[in-house]
Every structure is written in C-alpha cells, then in structure tokens.
Amino acid sequence: MEGPGCYSEWLRHGSRARTRSREQSHWSGYLVHVTETCEPDDRANLITDIATTSPTRDTQAVPGIHTRLRDRRLLPRQHLLDGGYLSVTLLHHSHRDHQVELVGPVKASGAWQSKEQTGFTRDDFTIDFDDRQVTCPNGQTSRVWMEPPAMTPYTVARFHPCQCSPCPDRPACTRGTGARTVNFLPRHLHELQARNRTDQQDPQWRRLYATRSGVEGTICEFVNGYQARRSRYHGLRKTHVQHVLTGIAINIERLASRTSRHPHRYRSLTNFQQYLNARGLNWECWWRQGK
C-alpha cells in the first residue's frame, strides 16, 4: 500500500496563538499536522510534510498538504486520514485534482436519530434524483424539492404536514411541529458518501485503515521525545521552523537506526581502479608515478 498517514496534534504558546477546544481539552496555541509514509515492507517510515496552522478545522489543512506533496513529487496513491480530516467534498476534490484516494471514516450525521440510534435516519429514506422525490419508510413521497443557495451544496426535500401528522411513526421521525425535512448532498457526492460508508464495513478496508495507527507513534515521539508541545519561539512562522527541524531530526534518527542494523558494504573496485592496482600505481598520484 502506498501513501502517508496524516494526523493532527496541538502545540501551546505563540504570539498569535488562538484558544482552541477539543472534547475536554482547552489550550492556547497552534496545530501541527504531520504526514508520513506507511509502506508495507520494512523500510523506514519518513515524515514527508509538516504543516503548522492556527486553530482551524482539520479539513482545511488537507488541500495544502496535497499541494506541497505534489510540488515535491511525493503524492501518494492512497492517503490514510483521521476522521477529523475527512469530508465528502474532500474525497471528491482530492481524487479530481490530485488523483489521490482518501481513506478514512466520513463523519456521521449529526441528527438526533443517528446519535441515539433510534428512529428514521436519512439513510432510511429513498432518494430519486431523476424524479426529484424522496420516499419515506412508510411510502409517502416528498412534495417539495429545493436547492437553496444558503445550504449549498445540500438539497432539501420537504414533506407536507398532512402526510406526517396522521403517521403513527411520527415520534420516531421528527420532533418538530411541522413535517419532516430531509437534507442530502448532490447525486455524485451522495453516492460517494454511501460508497465510503459501505466500504467501512469491509474487513479488508479496516485492515488497510489500521495502518494509519502507526502515525500515533510519531505524534508521541514529537510530544515526548522532542517536547514539541512547547514552542521555543513566538509567532507562527518561527514555530513552524521548529516543527520542520524536529521532523528532520526524527527522519535522520530513523535512517541512522536502520543503517546500524544493516552495516555498510563497500562497493567493488571500478575497472580503472583495477587497472591501477595491476600496475602498482597509487590511486591519488598515479599520473606522477607513470611518468
């Protein structure tokens, strides 16, 4: 399998740092996004890109990573990513612009039905893009099909209150006072999203994605081995220089450790060196002795 894994971690301090929260963690600092190779053989995995950003969504770092890898001719065929870096739009754009297949779990729907694992989720509705209709699990078809600019690229399908009010399954479908509304992506993105979620159930996909866990060790090496959570400088640019130098140090250490396991073998003599040896000439000053 070709391709680097990518993961984000945070650093504290910096003159232009901003406050960021994630789950139960709160800090003031930057984010560092690390990309490394994950080859299937025993070759050393090397860091190929480091991005230092202000606290933003992880998805915003992916286009820049691919652009830099392309400029260095290091673009992978497959890019294993943490779920925070993935969106359906990025899946499409990465394949279209860079021919890179993103591998990772797409974020699940935020609707209460998905969170509570009850009721009818969006996947329980049948979407007919040709007839511009959505059919609910009880066979009712939507009355309205809209593509409002404010919700681009999402399409909105809405049922009529007279269809939802007498429905016995209404409490499992919607908690609002009106009718059910279903939001979904355009056809090509909707099919890509469905295919990604289907692939996630495949054991072969899971074995492939498990390769990404190796980059967690690199993050641990950054944090514990090089104290990368503490910036020695002020400002985003100088902090980024520290991150890059740390990545170079990790690469050198990995290459050096492999060299110690594989002793250096001297190359064989060239034909010219054999010619000098046959005539008893010194390699450094053979022209003087030949006179």
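# Cavities, cysteines and rings: a friendly tour

User: How much space lies in the largest cavity?
Analyst: Welcome! This is a predicted model, and it holds 2 cavities of 30 Å³ or more. The space in the largest cavity comes to about 120 Å³.

User: Which residues lie nearest the centre of the largest cavity?
Analyst: The lining of this cavity is made of 14 residues. Helix H4 (161-164) and helix H5 (170-173) each supply at least two of them. By class, the lining has 7 nonpolar, 4 polar and 3 charged residues. Nearest the centre are Cys 136, Asn 138, Cys 164, Cys 167 and Cys 173.

User: How many disulfides are found in the whole structure?
Analyst: A disulfide needs two cysteine sulfur atoms within 2.5 Å. For Cys 164, the closest cysteine sulfur is in Cys 173, at 6.1 Å, so that is too far for a bond. Searching the whole structure gives a count of 0.

User: Are Cys 164 and Cys 173 buried or exposed?
Analyst: Buried means under 20% relative accessible area. Cys 164 has a relative accessible area of 11%, and Cys 173 has 12%. Cys 164 therefore counts as buried, and for Cys 173 the word is also buried.

User: How many aromatic pairs are there, and what kind of pair do Phe 129 and Phe 184 form?
Analyst: The count comes to 5 aromatic pairs. In the pair of Phe 129 and Phe 184, the ring centres are 5.8 Å apart and the planes meet at 85 degrees. Planes over 60 degrees apart fall in one class, so this pair is edge-to-face.

User: Where in the chain do Phe 129 and Phe 184 sit, and how many residues apart are they?
Analyst: This pair links distant parts of the chain. Phe 129 is in the loop between strand S7 (126-128) and strand S8 (133-135), while Phe 184 belongs to strand S11. Both count as buried, with relative accessibility of 19% for Phe 129 and 0% for Phe 184. Along the chain, their separation is 55 residues.

User: Which residues form one aromatic cluster with Phe 129?
Analyst: Phe 129 belongs to an aromatic cluster of three named residues. Its partners there are Trp 145 and Phe 184.

User: What kind of aromatic pair do Trp 205 and Tyr 209 form?
Analyst: Trp 205 and Tyr 209 are 4 residues apart in helix H7 (residues 203-209), so about one helical turn separates them. Trp 205 is buried at 15% relative accessible area, and Tyr 209 is buried at 17%. Their ring centres lie 5.2 Å apart, with 15 degrees between the planes. Planes under 30 degrees apart share a class, so the pair is stacked.

User: Which ring does the charged end of Arg 175 sit over?
Analyst: Here a charge, rather than a second ring, is the partner. The charged end of Arg 175 is 3.8 Å from the centre of the ring. That ring belongs to Trp 112.

User: How much space lies in the second largest pocket, and which residues are closest to its centre?
Analyst: About 460 Å³ of space lies in this pocket. Its lining has 22 residues, and by class these are 8 nonpolar, 9 polar and 5 charged. Helix H3 (112-116) and strand S11 (181-184) each supply at least two residues of the lining. Closest to the centre are Ser 109, Ala 111, Ser 114, Thr 121 and Arg 122.

Methods. Residues are numbered from 1 along each chain as its sequence is written. This is a predicted model: local features need pLDDT of at least 70, side-chain atom pairs count only at pLDDT 80 or more; totals for chains, interfaces and linings use all residues. Side-chain values use heavy atoms; hydrogens and water are left out. On a 1 Å grid over the protein atoms alone, a cavity is a set of points where a 1.4 Å probe fits but cannot get out, and a pocket is an open set with protein on both sides within 12 Å along at least five of seven lines; lining residues have an atom within 4 Å of a point. Grid points are joined across faces, edges and corners, and a volume is the space filled by probe spheres set on the points. Ala, Val, Leu, Ile, Met, Phe, Trp, Tyr, Cys and Pro count as nonpolar, Asp, Glu, Lys and Arg as charged, and the others, Gly among them, as polar. Buried means under 20% relative accessible area, exposed over 50%, partly exposed in between (1.4 Å probe, protein chains only). Rings of Phe, Tyr and Trp (its six-membered ring) pair if their centres lie within 6.5 Å; planes under 30 degrees apart count as stacked, over 60 as edge-to-face and the rest as tilted. A charge sits over a ring if NZ of Lys or CZ of Arg is within 6 Å of the ring centre and within 35 degrees of the ring normal.
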